[in-house]
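Please read these notes with the model open beside you. They are meant to be checked point by point.

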Amino acid sequence: EVTLTSQDDDWSDAYNRCVAKGDTTSIAWLRQSYLENAAEFLRLGREEERIAFGHEIPNVLLLHATDFTTLMLPDLLHLLREEGFRFQSLAKVESNPAYALDAHTGLPEGGPFPNLFMNSRHLKYPAFKPEPVKELDAVCRQEVLAAP
């Protein structure tokens with residue numbers, strides 16, 4: 001079960017567009033916004049665990065195999081370590097009793113393990129800063145030139 005995700009693959013198309021344009025300023029923004037978003041999702045995931053289970057549980061982090069996620073992996077690992085995360089085998093993590101629980105519900109679009117429990121128990125989600133979807137969609141788009 002995935003407990004943490006940061007929608008890391010949402011940066012992929014924007015990154016590919018910026019690389020194609022050679023736009024290093026926008027790539028720098030992508031890097032910064034990616035890490036800010038990851039930090040927010042880590043905070044949110046931990047808070048959801050405290051709401052759903054009464055405490056934090058060992059985590060399974062979902063990452064996608066994109067060029068940008070690969071580029072950002074060293075910085076993401078640094079952030080995780082700064083936030084106090086340490087790494088263990090999947091078998092060790094999933095031996096935690098929380099993973100034996102059954103949420104009795106699913107999310108229509110899927111979602112992290114704690115969210116299943118929050119939905120089934122009708123618990124209130126904490127406030128969070130949403131990812132910069134519009135900005136990601138707009139960055140490094142080719143300009144359309146008007147016909148003379």
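The points below take up the enclosed space, the open pocket and the salt bridges.

1. The model is predicted, not determined by experiment. Please keep this in mind with every number that follows.

2. Start with the enclosed space. A search of the whole structure turns up 1 cavity of 30 Å³ or more. The largest cavity holds about 50 Å³ of space.

3. Which residues line the largest cavity? They are Leu4, Thr5, Ser6, Ala38, Phe41, Leu42, Leu61, Leu63 and Leu76. By type, this lining has 7 nonpolar residues, 2 polar ones and no charged ones.

4. Two elements each give at least two residues to the lining of the largest cavity: strand E1, residues 4–5, and helix H2, residues 24–53. The largest share, 3 residues, is from H2.

5. Next comes the open space. The largest pocket has a volume of about 480 Å³. Its lining consists of 21 residues, and those nearest the centre of the pocket are Asn59, Phe85, Arg86, Phe87 and Val93.

6. The lining of the largest pocket splits into 14 nonpolar, 4 polar and 3 charged residues. Charged residues are thus part of this lining, while the lining of the largest cavity has none. H3 and helix H4, residues 90–93, each contribute at least two residues to the pocket lining. H3 provides the largest share, 4 residues.

7. Now the charged pairs. Side chains of opposite charge can pair when their charged atoms come close. In this model the count of salt bridges is 7. Three of them are taken up below.

8. Asp75 and Arg31 form a salt bridge through their side chains, with an N to O distance of 2.8 Å. Why does this pair tie together parts that are 44 residues apart in sequence? Asp75 belongs to helix H3, residues 67–82, and Arg31 to helix H2, so the salt bridge links two helices. Asp75 counts as partly exposed because its relative accessibility is 28%, and partly exposed means a value between 20% and 50%. Arg31 is also partly exposed, at 28% relative accessibility.

9. The salt bridge between Glu40 and Arg43 has its closest N and O atoms 2.7 Å apart. Both residues are in helix H2, 3 residues apart, which is about one turn of the helix. Is Glu40 buried or exposed? Glu40 is buried, because its relative accessible area is 16% and the cut-off for buried is under 20%. Arg43, with a relative accessible area of 35%, is partly exposed.

10. Glu47 and Arg50 also meet in a salt bridge, at 3.0 Å from N to O. They are 3 residues apart in helix H2, so about one helical turn separates them. Both count as partly exposed: Glu47 has a relative accessible area of 26%, and Arg50 has a relative accessibility of 36%. This pair does not stand alone, as salt bridges with shared partners join Arg46, Glu47, Arg50, Glu56 and Glu83 into one network.

11. Helix H2 is worth a second look. It gives 3 residues to the lining of the largest cavity. Helix H2 also holds both members of the Glu40 and Arg43 pair, as well as both members of the Glu47 and Arg50 pair. Arg31 of helix H2 is paired with Asp75 of helix H3.

Terms used
Residues numbered from 1 in each chain as written. Predicted model: local features only at pLDDT ≥ 70, side-chain atom pairs only at ≥ 80, totals over all residues. Heavy atoms only, no water. 1 Å grid on protein atoms, 1.4 Å probe; cavity = no way out; pocket = protein on both sides within 12 Å on 5 of 7 lines; lining within 4 Å. Points joined across faces, edges and corners; volume = space filled by probe spheres on them. Nonpolar A, V, L, I, M, F, W, Y, C, P; charged D, E, K, R; others polar. Salt bridge = Lys/Arg side-chain N within 4 Å of Asp/Glu carboxyl O. Buried < 20%, exposed > 50% of the residue type's maximum accessible area, 1.4 Å probe, protein only.
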